[in-house]
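I opened this entry to look up the aromatic rings and the charges that sit over them.

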Amino acid sequence: MGRKAIEAVDLVKRYSTYIRLGLFRKVRRDVTALDRVSFSVDRGSVFGLLGPNGAGKTTTVRILSTLLLPDSGDGYIDGFSVTREPDRVKRVLGVVLSVDKGFYGKLTGRENLVYYGMLYGLSRSDSVRVANDLLDLVGLSESRDRLYEEYSLGMKARLSIAKALIHDPDVVILDEPTLGLDPVSARKIRSVIRDLSSRGKTVMVTTHNMWEAEVLCDRIAIISSGRIIAQGSVDELKRMSNAARVVEARVYGDPSRVPPQFVVERVVDGIMYLKASLTDSSDVSVDKLVSMLRDRGLKVLALSVREPSLEDVFIDLVGGESVV
Amino acid sequence: MFRGLRPYLAIVESQFRVIAREVPELISIVLIVYMFIGVLYLGGRLIGSGNELFSAATGYDDPFRYQLVGVSIIAVSMVVLSSMSQFANTEMLSGRIDSLSLTPVSVNIAIAVSSIPFLLAMLLVFGLSISPVIAYALSSYGFVSVVLSIAALVVGMVPVFIFGVLISMVVLVYKAPQIVNLVQALFFILSGALYPIYVLPHILRLAAGGLPITHVIEVSRSLLLAGALEDGFRGFYTLATLSLVYVALGYILVRRFGSLLRYRGV
């Protein structure tokens with residue numbers, strides 16, 4: 001049981017694309033989608049792979065799901081190699097690649113699940129039993145006999161998760177499971193993910209929803225331009241980055257006497273709303289900022305310090321990069 | 001062993017369910033086959049209106065039966081090809097091919113199995129359309145001719161399935177669903193469904209000789225229209241040998257495409 005649930009070891013994947021120059025000319029361009037990507041996920045934990053669009057999240061997921069071969073490196077699910085033992089990996093891994101794809105529109109939700117159960121070798125009766133249990137788990141019991149094509153996007157997303165669990169895998173990978181969902185549906189998906197984690201499943205989620213990653217994940221890796229640029233718990237990532245704490249103050253007094261460390265955001269009825277950023281490398285502290293205000297004859301009515309969010313950390317580490 | 005078949009039974013069952021819920025589409029497929037056979041038969045009648053000329057050109061004296069055998073067989077093979085490639089294409093577009101690839105099921109076998117419901121439907125259509133010829137053969141040449149011609153059709157369908165899997169792989173790897181139209185056109189031109197293949201240019205005759213469906217049609221005509229058992233058996237052996245060659249080649253190519261598919265992704 002000492003093995004990691006998921007391991008990516010020096011994964012490299014290159015693609016060739018063609019840039020069209022006019023009607024007939026094209027130039028070949030090699031793109032490195034993954035550049036020595038390595039990370040590992042502990043059993044029973046929720047791991048987040050964060051990155052901007054085009055960073056390599058889906059390529060990583062497709063390699064770990066045995067759908068794509070890397071140029072070099074390897075991945076391991078429950079200790080089984082994704083390149084050399086794909087059939088064993090498929091037995092212990094459940095994957096959601098796209099929340100609204102992968103089903104027969106003309107079959108009901110339950111029929112679709114039974115179909116996938118049988119693809120994994122379950123008997124019809126076992127498949128029906130497991131499908132019913134999973135429909136309960138994802139809150140689709142009442143809609144189980146409706147055609148899939150009549151499902152809303154949120155229902156399709158929940159059915160996708162049920163499909164990934166049909167063979168009771170130990171490890172589940174979800175690629176952008178809440179993408180495009182309304183807040184209510186997204187909350188239901190997050191609740192299912194937490195439920196999975198509490199049942200001892202290892203869950204890996206890719207997302208660029210920072211808040212979601214912060215509330216769901218025990219550990220996070222940030223991927224950018226095909227490289228893992230940071231990984232750790234949310235707190236570790238916050239310590240790693242140079243993202244600023246934000247000091248917000250409500251102050252009364254002469255606007256011309258506001259210290260340069262502050263920005264006046266707005267003035268309402270003579271009360272100024274000020275903001276200042278503090279990084280670990282700054283040579284001023286919160287106390288010093290308050291002293292500066294008081295020394296200049298300004299009356300501090302209220303003051304709050306907001307810790308950097310994961311989004312602040314992400315933007316600090318990744319910069320403004322986004323392929324799309 | 002039966003447990004190993006479960007996934008493929010599930011594919012067949014789900015395909016049947018989908019077909020059953022798309023009755024208008026199913027009816028349209030059946031109608032298209034009938035229209036296809038009807039239009040081509042009428043065209044053939046016009047071209048071979050002089051029975052003596054037709055007999056001199058083909059060695060058979062009835063253009064109706066001659067073309068009915070050819071067109072019915074080619075229609076079945078075309079439906080097999082198009083249903084398999086269509087399955088691959090729709091599975092790819094709907095994301096189901098990814099989901100299928102995530103299960104321990106062989107995608108190649110899944111594609112082949114997926115055409116079984118369509119094949120059964122088409123065999124029904126085939127049986128109905130060719131029944132006048134079968135009745136004629138039973139009364140004129142006996143049971144053996146009919147059984148051997150059906151055996152030839154079954155053996156000849158093996159390479160058609162291999163073609164189907166290979167086309168599906170091309171569809172998945174290169175995302176080129178139109179390839180099936182090209183192969184269908186080649187099948188139609190080279191199979192001799194409407195005319196004897198000796199009218200083709202030399203190079204095309206060679207290509208036609210390498211196509212199993214050509215031999216299926218020839219064997220079936222020999223047996224059902226002329227009762228030539230000796231020719232039928234000889235043609236059947238040729239067809240069986242050719243099918244074995246296709247199975248071996250198909251195995252190599254499918255493995256090659258399979259690894260390419262995993263390297264490039266769907």
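I started with the rule for ring pairs: rings of Phe, Tyr and Trp (its six-membered ring) pair if their centres lie within 6.5 Å. I applied it to a predicted model.

**Cluster.** I asked which residues ring pairs link into a cluster. I found A:Phe103, A:Tyr104, A:Tyr115, A:Tyr116, A:Tyr148 and A:Tyr151.

**Count.** I then looked up the total. Over all chains, the rule gives 12 aromatic pairs.

**A stacked pair.** I picked A:Phe39 and A:Phe47 and noted 5.0 Å centre to centre. The angle between their planes is 20°. That pair is stacked, as planes under 30 degrees apart count as such. Are these rings buried or exposed? A:Phe39 has a relative accessible area of 4%, so I logged A:Phe39 as buried. A:Phe47 is buried too, at 1% relative accessibility.

**An edge-to-face pair.** Next I took A:Tyr115 and A:Tyr116, whose ring centres are 5.0 Å apart. Why is this pair edge-to-face? The planes stand at 65°, and over 60 degrees counts as edge-to-face, so the label follows. I checked burial here as well. A:Tyr115 is at 4% relative accessibility and therefore counts as buried. A:Tyr116 is at 2% and also counts as buried. Both tyrosines belong to the cluster I listed above.

**Charges over rings.** I went back to A:Phe103, one of the cluster residues. What lies over the face of A:Phe103? I found A:Lys163 there, 4.9 Å from the ring centre. In chain B, I noted B:Arg65 over the face of B:Tyr136. The distance to that ring centre is 3.6 Å.

Definitions and conventions: Residues numbered from 1 in each chain as written. Chains lettered and ligands numbered in written order. Predicted model: local features only at pLDDT ≥ 70, side-chain atom pairs only at ≥ 80, totals over all residues. Heavy atoms only, no water. Buried < 20%, exposed > 50% of the residue type's maximum accessible area, 1.4 Å probe, protein only. Lys NZ or Arg CZ within 6 Å of the ring centre and 35° of its normal.
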